[in-house]
Amino acid sequence: MSPRAAWRLESLGFTRVFDYVAGKADWFASGLPIEGKQARIPRAGDVARRDIPTCRLTDRLGDVLARVQATDVTVCIVVNNNGIVLGRLRTETLDADPTGSVERVMEAGPTTIRPDTVLAAITKRMQERQIDSIVVTTSDGRLVGVLYREDAEHYLDDFQPPTEGGL
Amino acid sequence: MPTEIHRDEVRRLVAGGAQLVDVLPAKEYEEEHIPGAINIPLKQLNRQTIAQLRQDQPVIVYCHDYQ
C-alpha cells in the first residue's frame, strides 16, 4: 500500500517522497511509542525489566556470576557489541567451572518476543507452558529486557482498562 | 522515484521536519499509528486531501508492513 501511495504523491507533484516500507509493524516491534486506541493495551515492553545483566561470549563464568549476584534477577543475557542477543545464561549454569567461557554453557538463540506483544496473551502462554521469564528484543534482535511472568501477572491484576469517555 | 527508508531514517527525517503520513484506512489509523502521523487513506489520496501537506518538506508514507 505505501509504495503505491509514494508513487501517487510523486504524480501529484511532491519531489521528496520516502517510503517506510517496513511500516508501523516494524516501528512498534522495536519498542517505539504507539498512539491510538490500542496504545492503552498493556504490552510486554511496559513490564519487561530493563536492568538485566549482560555479558559477552568470551567472558568468564566466574566474572558473570559476580555480576548476576549483585542483582535480583536470575538470568544474564549474552549480547555482542551491537547489543544483539546471542544467548542466555541462567543462574544454575553459572555454578560451572568459573574459568570456563560463557559461550560453552549458554543457551544459544533463546526464544524472544517483541515489546509490542500484548501482555495478557503472552502471560497466558507463559502460564500454560510454565515459563518463568522470556527475553524481549526489538525486531533487529537488540535486547530490550526480560519479562518475568510474576511481574506480568501483578501488572495485569492491578491494571484498570480506561473507560470510554472517562469520568 | 520514491526512496525506501528504514526506521532510523524515519526518525531522523521527522526530527528534521518531515511529514509522516499513515495511508491505511481510518479505522486502522484510529486503533494504532506512529505518533505524529496524519491519516490520508490511500483510497482518498488526491489533490484535495494532499492540500494539508507542505510541498517544501519531505513526506514519509507508511502502511502496516511489507504485506
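## A tour from the interface to strand S3 of chain A

Begin by selecting Lys37(A) and Glu30(B), whose side chains meet in a salt bridge with an N to O distance of 3.9 Å. Keep in mind throughout that this is a predicted model. The pair you have selected belongs to a count of four salt bridges between chain B and chain A.

Now widen the selection to both sides of the interface, where 39 residues of chain B are in contact with 38 residues of chain A. Across this interface, 19 residue pairs are in polar contact, with both residues at pLDDT 80 or more. To see which parts of chain B are involved, colour strand S1 (3–5), helix H1 (7–15), helix H2 (26–31) and strand S4 (59–62) of chain B, which are the elements that give two or more residues to the side touching chain A. The area buried between chain B and chain A is about 3900 Å², and carbon and sulfur atoms give 64% of that area.

Leave the interface and turn to the sheet of chain A, an open one in which four strands follow the order S2-S3-S4-S5 with mixed pairing. Its edge strands are S2 and S5 (107–108) of chain A, each of which pairs on one side only.

Next select strand S3 (residues 75–79) of chain A, which is mostly covered, with five of its five residues buried. Show the side chains: Val75(A), Ile77(A) and Val79(A) point one way from S3(A), whereas Cys76(A) and Val78(A) point the other way. In a regular strand, side chains alternate between the two faces of the sheet.

Which strand runs parallel to S3(A)? Select S2 (residues 54–55) of chain A, which two bridges join to S3(A) in the parallel sense; here Thr54(A) has Ile77(A) as its bridge partner. To follow the connection, trace the chain from S2(A) through helix H4 (residues 61–69) of chain A to S3(A), a β-α-β crossover that is right-handed.

Then add strand S4 (residues 85–90) of chain A, which pairs with S3(A) in the antiparallel sense over five bridges. Two positions help to set the register: Val75(A) stands opposite Arg90(A) in S4(A), and Ile77(A) stands opposite Arg88(A) in S4(A). Ile77(A) is thus worth keeping selected, since this residue also serves as the bridge partner of Thr54(A).

Finish at the hairpin of S3(A) and S4(A), where five residues lie between the strands and Gly83(A) takes a positive phi near 80 degrees.

Note on methods:
Residues are numbered from 1 along each chain as its sequence is written. Chains are lettered from A and ligands numbered from 1 in the order in which they are written. This is a predicted model: local features need pLDDT of at least 70, side-chain atom pairs count only at pLDDT 80 or more; totals for chains, interfaces and linings use all residues. Side-chain values use heavy atoms; hydrogens and water are left out. Buried means under 20% relative accessible area, exposed over 50%, partly exposed in between (1.4 Å probe, protein chains only). Two strands pair if DSSP finds at least two bridges between them. A crossover is right-handed if, with the strands pointing away from the viewer, the path from the first strand over the helix to the second runs clockwise. Contact means heavy atoms within 4.5 Å. Buried area is the accessible area (1.4 Å probe) that two parts lose on being put together, summed over both. A polar contact is a pair of N or O atoms within 3.5 Å; within protein, one must be able to donate a hydrogen and the other to accept it, and residues adjacent in sequence count only if both atoms are side-chain atoms.
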